[in-house]
Amino acid sequence: MAVELDVFVGNTTIMDEEVYQLWLDGYTVNDAVRARMEGGVLDEFDATADVLLSDTMDQYRTFQMCERLLHSPAKLANQLLFQIPPHRQTMLIERYYAFDDVFVREVLGKKLSKGTKKDLDDISAKTGVTLKSCRRQFDNFKRIFKVVEELKGPLVENIRQHFLLSDKLARDYAAIVFFANNRFETGKKKLQYITFQDFAFCAGQLINNWTVGAVGEGLCKTKNNMVEDMDVDLDKEFLQELKELKVLITDKDLLDQHKSLVCTALRGKTKAFNEMEANFKNLSRGLVNIATKLTNTKDVRDFFIDLVEKFIEPCRSDRWTAADVKLYLTHYTNSAHILDTFKHQVVWDRYMGVIKSCIFKMYHD
């Protein structure tokens, strides 16, 4: 007698997202089991502690075997060892490359080298992020930095394509790479109130407006006549042109005329008018001096400190609101277009567009 059987064989790799997160967060197997028990998983599945321990160990082994593939995410889709559906692959990659803002804030702008890696113990203690998780995050920063360093083309797109990350995460990594490359100072006490997301926004402004990659097709010829893309290096020609803005503070007539135009536009529109009028020359000197010094590497590194010291702190001490800052900088920028003898409008707009955006983002408690 013939018997018909329908047989289904499945070998989709089972991965628990909660356990994956515990593994990423650097929990030991025992700590992960404890966390799962506290979350009520035993009651939910009517399981014993031994089964839970066995399941957690099995999951951890799977994640450890997957880890080398996650270092080159494209390999995850092409390997045959684990049958992982595409949506789950996306989750694995995105979470593996996710990072804690408190951690990245500690290493932002530092050299991604062994020296910084030695400090991870202290950073772990300070931030409460486990050492294992700190190491994973730091190694991810380093890996992405190394890969994109060798690539031509737009920074964000390169990160997105090579590491299969979401647009938001790719932009955050672009900021980390940009800060590491230019070694911006972010650790000083007066900068501690600025969050990673504030800095990431500013990095995006600088990349999109002040790098060689921001000009035309983003291509420049090197001495060897090789074509390179430079989304991580500031446009040296532009930085040189910024020196021309000095005329706004060295030519007394121009300075007085600029002040008069700005004050006329502001009068009656803000309670901080008297302070704006009294401090105009100091604030203008501050902003223009930042521009003219950006050809020096040290001054590039101090860019954010200078913005805080030369503009944000003086405005804070005069109790300007965020709306006051916006109003002032808008008229300050626009009024330069009406100055008769000022001929550097294009450079001025390219400079002040970024300065305004960064200050608006950084002007908070």
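Start by selecting Asp16, Arg36 and Asp55: in this predicted model, a network of salt bridges links these three residues. They belong to a bigger set, since a search of the whole structure finds 20 salt bridges.

**A bridge across the chain**

Next, select Glu309 and Lys190. Their closest N and O atoms are 3.0 Å apart, forming a salt bridge. The pair joins distant parts of the chain: Glu309 sits in helix H19 and Lys190 in the loop between H12 and H13, 119 residues apart. Glu309 is partly exposed, at 35% relative accessible area, and Lys190 is partly exposed too, at 33%.

**From H17 to H16**

Now show Lys281 and Asp256, whose side chains meet in a salt bridge of 2.9 Å, N to O. Here helix H17, which holds Lys281, is linked with helix H16 (residues 252–266), which holds Asp256; the two residues are 25 apart in the chain. Lys281 has a relative accessible area of 26% and is partly exposed. Asp256, at 28%, is also partly exposed.

**Along H19, into a cavity**

Go to helix H19 and pick Lys310 and Asp306, which form a salt bridge at 3.9 Å, N to O. They are 4 residues apart in H19, or about one helical turn. Are they buried or exposed? Lys310 is partly exposed, at 31%, while Asp306 is buried, at 12%.

Keep both selected and add Asn289, Ile290, Lys293, Leu294, Asp299 and Phe303: together with Asp306 and Lys310, they line the largest cavity. That cavity holds about 50 Å³ of space. Helices H17 (273–292) and H19 (303–317) each give two or more residues to its lining, and H19 gives the most, with 3. By class, the lining has 3 nonpolar, 1 polar and 4 charged residues.

**A second cavity**

The search finds 2 cavities of 30 Å³ or more. For the second largest, select Phe184, Leu206, Trp210, Leu234, Leu294, Val300 and Phe303. About 30 Å³ of space lies inside. Its lining has 7 nonpolar residues, with no polar and no charged ones.

**Last stop: helix H11**

Finally, select residues 155–163, helix H11, and colour its buried residues: Leu155, Val156, Asn158, Ile159 and Phe163. They lie on the same side of H11, because they cover an arc of only 165° around the axis. What do the buried residues of H11 pack against? Show helix H6 (86–97), helix H10 (131–149), helix H12 (167–182) and helix H13 (196–210) to see their partners. Just after H11 comes Leu164, with a positive phi near 55°.

Definitions and conventions
Residues are numbered from 1 along each chain as its sequence is written. This is a predicted model: local features need pLDDT of at least 70, side-chain atom pairs count only at pLDDT 80 or more; totals for chains, interfaces and linings use all residues. Side-chain values use heavy atoms; hydrogens and water are left out. Buried means under 20% relative accessible area, exposed over 50%, partly exposed in between (1.4 Å probe, protein chains only). The arc is that of the directions from the helix axis to the C-beta atoms. Contact means heavy atoms within 4.5 Å. On a 1 Å grid over the protein atoms alone, a cavity is a set of points where a 1.4 Å probe fits but cannot get out, and a pocket is an open set with protein on both sides within 12 Å along at least five of seven lines; lining residues have an atom within 4 Å of a point. Grid points are joined across faces, edges and corners, and a volume is the space filled by probe spheres set on the points. Ala, Val, Leu, Ile, Met, Phe, Trp, Tyr, Cys and Pro count as nonpolar, Asp, Glu, Lys and Arg as charged, and the others, Gly among them, as polar. A salt bridge is a side-chain nitrogen of Lys or Arg within 4 Å of a carboxyl oxygen of Asp or Glu.
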